[in-house]
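Let's take a walk through this one together, starting from a small local detail and working outwards. Have the viewer open and follow along.

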Amino acid sequence: MPAITDRAMVEQAIAWHLRLKDADENAWIEFAEWLDADPAHNVAYETVTDRDADMSTVLEKATFPFGVDHQPQAEFSNDDDSRAYDVGDEGPSRNRWRWGALAASIVVAVLFGLQMFPGWDSTYPIETAVGETRTVSLADGSEIRLNGSTRIVLDKSDARLVEIARGEARFTVEHDELDPFTVIAGEQRLVDIGTVFNVVRTDQQFRVGVAEGAVRFEGMARTVELRAGDSLAADNRGRIEISQRPITAIGSWADGVLVYDQAPLEQVADDLSRSIGVSLELPRRMRSNKFSGVIQTDGEREAVRARLEELIGKKIVADGTRWSVETR
Amino acid sequence: MSTGETGLRQLLSEMRSELLRFMLARQCDPAEVEDLLQDLYVKLASIRTGPVNNPRAYLYQMANNLLHDHRRGRRRQQERDDHWTRSRIGPDLEKDAGPSPEERAIARDELQRVNEAIASMPVRTAQILKMYRLDGVSQKAIANTLDLSLSAVEKHLQRAYRTLQFLREELDDTPQLLQTESDDASHY
């Protein structure tokens, strides 16, 4: 392999190698211009790609620091200049302390969650805190958007298999009938038939709504094919209930909108805890009350509270992130 | 724009001159460039693609991959030829399939060096390298997942890749019996 002595050129070649993996047309045109500027550029680029390719085998066996979610060093990470715009935003870390109790219960869930794929070294979890959302892009072009307080387990050896351990996620899946995308939730499975769908898993319930295409639900007792607009709810005992919902309402939390049509108030409380990190305490007799309405979650919490008061016609008292419905 | 396979083939015809320019900028042999474009066309006809987000970028990517494959294929052929020459000259070098003790020792040493290099990186840099290089998570998704800006992710990756590039260079420069011989052979 030719030796490249010009370090600046190597740096540029690395930058191009990284950038081209997900480049738009303009980037390719700029890349061609860079290549044209000096014939040595192409040699540098090819050397970088070859050396990178030659590292693949050994990198597969290499030891990496464990865990993706440990973020203690976020405060002093090296992204100084690029994050200058949000200096002083101490919201997330302060909130983490406040939600310590909630975090503790998450740890318990995590310990149980790990046992779902015993001994599968190729799996790795991705988790969100309450009120936090994340987007995960998979190698096949599929995308998973995680709502708050959600944990999924991905499998490095099979990009088409995802376990949802807890919480809510919206899947936008590249369809491949020879290798269908599968979501596992305990003993239940979803197999995509092409598609955008939303999944919620709580202790008591598993729900799925199909926004686009179709999904096959393989439950403990039966298999059901769901089409766009269908929503299915399965409880712990394998009982299922299918209803129709407006397509725009399915997975709409990702756009900061919660849409309800005759949903139990209990579910609203559950969604709010994931999306904005508040725990809404409901009097027992109100929990199964049916609720209809639209709640915008991407604004201030205070606005959400006021809106909710208006919708349920009761006063809601806020004590930090603990809200309770006043019973009088 | 239609992005099915037919759409892509049509787009390929439209982009023919741009792609030709690109491939020449990539130092493709002018005598081979037409054949390679034809390969690209055949390839598009034979693969199934899902909906493609950015079809023009997709075709550039395909052309670029084809050039890599083409060049690496040639390199491998060269290596096979060298090996054949070598085994004719010294049949005792021809071994059973599977790594020799020497090759295993080299692999062990490589792994140790790579592990040291990773351990020397800031934890965050190593994590981002793993997500990107091994788990196939996009830079954008990493930025979202770790709550970093995209340019911060780029910087971490640039640093990690730089470290691995220089390590690879060192490892390749370490004198090895086989390496030296194949270099000699390629001069014939």
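Start at A:Gly238, which takes a positive phi near 85° in the hairpin of β10(A) and β11(A). Four residues lie between the two strands of that hairpin. Bear in mind that what you're looking at is a predicted model. The strands on either side of the turn, β10(A) and β11 (residues 240–244) of chain A, run antiparallel and are joined by five bridges. If you want one pair to click on, take A:Ser231, whose bridge partner in β11(A) is A:Ser243.

Now stay on β10(A) and look at its two faces. In a regular strand, side chains alternate between the two faces of the sheet. Here, the covered face of β10(A) holds A:Asp230, A:Leu232 and A:Ala234, while A:Ser231, A:Ala233 and A:Asp235 make up the uncovered one.

β10 (residues 230–235) of chain A also has a partner in β8 (residues 205–218) of chain A: the two run antiparallel, again with five bridges. A:Ser231 turns up here too, standing opposite A:Gly209. So which other strand does β8(A) pair with? That's β9 (residues 223–227) of chain A, in the antiparallel sense and over five bridges. One place to see this is A:Glu218, whose bridge partner in β9(A) is A:Thr223.

Step back and take in chain A as a whole. It has eight helices and 16 strands, and 31% of its 328 residues count as buried. Of the contacts in chain A between residues at least 6 apart in sequence, 45% join residues at least 24 apart.

On to the helices of chain A. Two packed helices are described by the angle between their axes and the distance between the axes. For α1 (residues 7–20) of chain A and α3(A), the angle is about 60° and the axes are 9 Å apart. The crossing is right-handed. On the α1(A) side, the contact is made by A:Met9, A:Val10, A:Ala13, A:Ile14, A:Trp16 and A:His17; α3(A) brings A:Ala40, A:His41, A:Ala44, A:Tyr45, A:Val48, A:Thr49 and A:Asp52. Sorted by class, that contact of α1(A) with α3(A) has nine nonpolar, three polar and one charged residues.

Helix α3 (residues 39–54) of chain A also meets chain B. Its axis comes within 9 Å of the axis of α8 (residues 150–173) of chain B, and the two cross at roughly 80°. An angle from 65 to 115 degrees counts as roughly perpendicular, which makes α3(A) roughly perpendicular to α8(B). Here A:Val48, A:Arg51 and A:Asp54 meet B:Gln165, B:Arg168 and B:Glu169. The residues of this contact divide into one nonpolar, one polar and four charged.

What about the rest of the interface? The contact between the chains takes 49 residues from chain A and 51 from chain B. On the chain B side, the elements that give two or more residues are α2, α4, α5, α6, α7 and α8 of chain B. The largest share, 13 residues, comes from α8(B). By class, the side of chain B that touches chain A has 18 nonpolar, 16 polar and 17 charged residues.

Finally, chain B itself: its secondary structure comes to nine helices and zero strands. Buried residues make up 26% of its 188 residues. Among contacts in chain B with a separation of 6 or more, 68% involve residues 24 or more positions apart.

Conventions: Residues numbered from 1 in each chain as written. Chains lettered and ligands numbered in written order. Predicted model: local features only at pLDDT ≥ 70, side-chain atom pairs only at ≥ 80, totals over all residues. Axes fitted to C-alpha atoms, helices over the stretch in contact; angles between N-to-C directions. Parallel < 35°, antiparallel > 145°, perpendicular 65-115°, else oblique. Contact = placed C-beta atoms within 7 Å. Nonpolar A, V, L, I, M, F, W, Y, C, P; charged D, E, K, R; others polar. Pairing = 2+ DSSP bridges. Left-handed = near helix turned anticlockwise from the far one by under 90°. Buried ≥ 20, exposed ≤ 12 C-beta atoms within 10 Å, placed from the backbone.
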